[in-house]
Amino acid sequence: MGRPPKLYSFPDVENDLAPNLRKYILAEQKEALARHGKFRVGVSGGSLPKTLSRALLAPNPPASLDKWEIFFVDERCVPLDHDDSNYKALKNDFLDQLPEDGPKPKVFPIDETALDDPQEVADQYEQTLVSTFANRDSVKLPLFDLILLGCGPDGHTASLFPDHALLRATDAWVLSITDSPKPPPGRITLSLPILTHACAIAFVATGGGKKGILKKIFEADDEGRALPSALVNEGGGDKVSWFCDSAAVEGVGFPKRTSVI
Ligand SMILES: O=C(O)[C@H](O)[C@@H](O)[C@H](O)[C@H](O)COP(=O)(O)O
């Protein structure tokens with residue numbers, strides 16, 4: 001690993017992790033707005049939308065939310081109102097909780113017209129990125145201001161799973177998977193080069209269920225180094241920050257930080 005990622009450990013999600021995550025996101029937002037007047041964020045599914053809403057809703061949602069463009073780091077190929085939809089989770093946990101008269105982000109869900117064909121969904125989503133981030137011929141890779149990731153108990157992140165061929169895919173921005181070990185099997189995901197190209201990348205991993213895998217990722221022995229989340233550490237270096245609670249990092253022998261400055 002070149003310049004190592006930052007590993008934050010907080011005693012508690014509600015009172016410590018969430019306010020520090022807020023501070024971090026608002027600092028990234030400030031830099032992005034100064035760079036190009038927009039804040040382009042990629043979000044994952046799982047528990048992330050809930051933690052995000054804890055971080056961002058209180059004491060009040062960010063004033064520049066109307067400058068935010070929110071994309072999905074990965075999405076399940078299900079209708080947007082299905083319980084498995086990452087869009088639905090973000091909508092329920094965050095978007096619908098915003099005050100009616102306040103600023104709203106622009107959100108880019110998947111196209112629902114070809115859900116039985118994940119490759120088609122991936123191609124359509126890549127087109128969405130191409131038309132938002134500029135012409136693919138002029139932009140080699142879309143530059144997200146911030147990517148927010150989760151980490152599964154097997155070390156997966158986004159819908160990039162351990163030992164899966166998608167980990168080696170470098171020719172597309174958005175990939176499809178039909179055999180996801182975590183249900184549902186049909187999904188789309190940003191590719192590893194897009195994740196690590198982002199200006200900033202944050203993982204949120206909490207709870208005792210993450211303990212063993214974080215140890216493997218950070219101790220990076222041969223097995224740990226090959227895990228998808230470790231490959232993000234490897235490619236993103238010091239652009240990567242991990243927001244964890246004490247339960248998740250118990251026993252992890254890697255220097256831990258306790259607050260975002
Ligand atoms: O849609 C998904 O399934 C995800 O994007 C996935 O990569 C998730 O982030 C991790 O599985 C962690 O999930 P938890 O935060 O629920 O542990």
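## Ligand shell, strand pairing and helix packing

Of the 14 residues that surround the ligand in this structure, those that come nearest are Ser44, Gly45, Gly46, Ser47 and Gly150. The model is a predicted one, and by class the shell around the ligand is made up of 9 polar, 3 nonpolar and 2 charged residues.

Turning to the strands, E6 (residues 146–149) is covered on both of its faces, with Leu146 and Leu148 buried on one side and Ile147 and Leu149 buried on the other. In a regular strand the side chains alternate between the two faces of the sheet. Strand E2 (residues 39–43) is joined to E6 by 3 bridges and runs parallel to it, and within this pairing Gly42 stands opposite Ile147 of E6. E6 also pairs in the parallel sense with strand E9 (residues 201–205), again over 3 bridges, where Leu148 stands opposite Ala202 of E9.

A further set of 3 strands forms an open sheet in the order E4-E8-E7, and the pairing there is antiparallel. Its edge strands, each of which pairs on one side only, are E4 (74–76) and E7 (174–177). On average, and with direction ignored, neighbouring strands of this sheet are turned by 15° against each other. Strand E7 pairs with strand E8 (residues 187–190) in the antiparallel sense over 4 bridges, and Leu175 has Thr189 in E8 as its bridge partner. Helix H4 (residues 118–133) packs on this sheet, where it touches E7 and E8, and the direction of H4 makes about 165° with that of E7.

The pairings for which bridges are counted are set out below.

| Strand pair | Sense | Bridges |
|---|---|---|
| E2 and E6 | parallel | 3 bridges |
| E6 and E9 | parallel | 3 bridges |
| E7 and E8 | antiparallel | 4 bridges |

As general background, strands of a sheet pair through backbone hydrogen bonds, either parallel or antiparallel.

Helix H1 (residues 13–36) has as its buried residues Val13, Leu17, Ala18, Leu21, Tyr24, Ile25, Gln29 and Ala32. These buried residues of H1 pack against several elements, namely strand E1 (6–10), E2, helix H2 (48–57), E6, E9 and strand E10 (240–245). E6, whose residues Leu146, Ile147, Leu148 and Leu149 are buried, is thus one of the elements against which the buried residues of H1 pack. Just after H1, Gly37 takes a positive phi of about 75°.

Notes
Residues are numbered from 1 along each chain as its sequence is written. This is a predicted model: local features need pLDDT of at least 70, side-chain atom pairs count only at pLDDT 80 or more; totals for chains, interfaces and linings use all residues. A residue is near a molecule or strand if its C-beta atom, placed from the backbone, lies within 6 Å of it. Ala, Val, Leu, Ile, Met, Phe, Trp, Tyr, Cys and Pro count as nonpolar, Asp, Glu, Lys and Arg as charged, and the others, Gly among them, as polar. Two strands pair if DSSP finds at least two bridges between them. Helices (H or I, at least four residues) and strands (E, at least two) are DSSP runs, numbered from the N terminus. Axes are lines fitted to C-alpha atoms, for helices over the stretch in contact, and angles run from 0 to 180 degrees between N-to-C directions. Two residues are in contact if their C-beta atoms, placed from the backbone, lie within 7 Å. A residue is buried if 20 or more other C-beta atoms lie within 10 Å of its own, exposed if 12 or fewer, and partly exposed in between; C-beta atoms are placed from the backbone.
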